[in-house]
Amino acid sequence: MQSLKGIYPEFAGSVDFYAVNVNPIDDLDDFTEHGKQRGYPWPMAQPGEGMLKSFDVTYQSTKVAFGADGVIVYRAGFNGGNAEEWRELFRQLASGAS
């Protein structure tokens, strides 16, 4: 089964996808370097003040997807979401049919 790292490049031009650090005091450059070392093809981001709390993200690897209207259309915890779920979600988001 293909991983998210293999699926993301297909949608990189049509879906905004970011890994957001769960520790807002970590350095973004260190987080970005960690992502590069792990082979993540997507951009890294630092959460804004209160962002994680407002989306009820309390642990690593929480996945949240938003439609173009800003409404949450997908949510999964650690190890949630398989490759086919991500592929279908990216297809829907790319087509605007979230």
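There are 3 salt bridges in this structure, which is a predicted model. Here they are, side by side.

| Salt bridge | N to O distance |
|---|---|
| Arg87 with Glu10 | 2.6 Å |
| Arg87 with Glu84 | 3.9 Å |
| Arg91 with Glu88 | 3.6 Å |

Let's take the Arg87 pairs to begin with. Arg87 sits in helix H4 and its partner Glu10 in helix H1, so this bridge ties together parts that lie 77 residues apart in sequence. The other partner, Glu84, is in helix H4 along with Arg87; the two are 3 residues apart, so about one helical turn separates them. Put those pairs together and you get a network of salt bridges linking Glu10, Glu84 and Arg87.

Is Arg87 buried or exposed? With a relative accessible area of 11%, Arg87 counts as buried, because the cut-off for that label is under 20%. Glu84, on the other hand, is partly exposed, at 44%.

Now for the remaining bridge. Arg91 and Glu88 are both in helix H4, again 3 residues apart, or about one turn of the helix. Arg91 has a relative accessible area of 39%, which makes this residue partly exposed. Glu88 falls in that class too, with 36% relative accessibility.

As background, side chains of opposite charge can pair when their charged atoms come close.

So how do the two helices sit against each other? Helix H1 covers residues 4-11 and helix H4 covers residues 83-95; their axes come within 10 Å and cross at roughly 15°. That angle makes H1 roughly parallel to H4, because anything under 35 degrees counts that way. As for handedness, the H1 and H4 crossing is right-handed.

Which residues do the touching? On the H1 side they are Leu4, Ile7, Tyr8, Glu10 and Phe11. Helix H4 answers with Ala83, Trp86, Arg87, Phe90, Arg91 and Ala94. By type, the contact of H1 with H4 has 8 nonpolar residues, 3 charged ones and no polar ones.

It's worth tying the two stories together. Glu10 and Arg87 both appear in the contact list for H1 and H4, and their side chains also meet in the 2.6 Å salt bridge. Arg91 is in that contact list as well, while its salt bridge is with Glu88, a residue of H4.

Conventions
Residues are numbered from 1 along each chain as its sequence is written. This is a predicted model: local features need pLDDT of at least 70, side-chain atom pairs count only at pLDDT 80 or more; totals for chains, interfaces and linings use all residues. Side-chain values use heavy atoms; hydrogens and water are left out. Axes are lines fitted to C-alpha atoms, for helices over the stretch in contact, and angles run from 0 to 180 degrees between N-to-C directions. Helices (H or I, at least four residues) and strands (E, at least two) are DSSP runs, numbered from the N terminus. Angles under 35 degrees count as roughly parallel, over 145 as roughly antiparallel, 65 to 115 as roughly perpendicular and the rest as oblique. A crossing is left-handed if the near helix is turned anticlockwise from the far one by less than a right angle, and right-handed if clockwise. Contact means heavy atoms within 4.5 Å. Ala, Val, Leu, Ile, Met, Phe, Trp, Tyr, Cys and Pro count as nonpolar, Asp, Glu, Lys and Arg as charged, and the others, Gly among them, as polar. A salt bridge is a side-chain nitrogen of Lys or Arg within 4 Å of a carboxyl oxygen of Asp or Glu. Buried means under 20% relative accessible area, exposed over 50%, partly exposed in between (1.4 Å probe, protein chains only).
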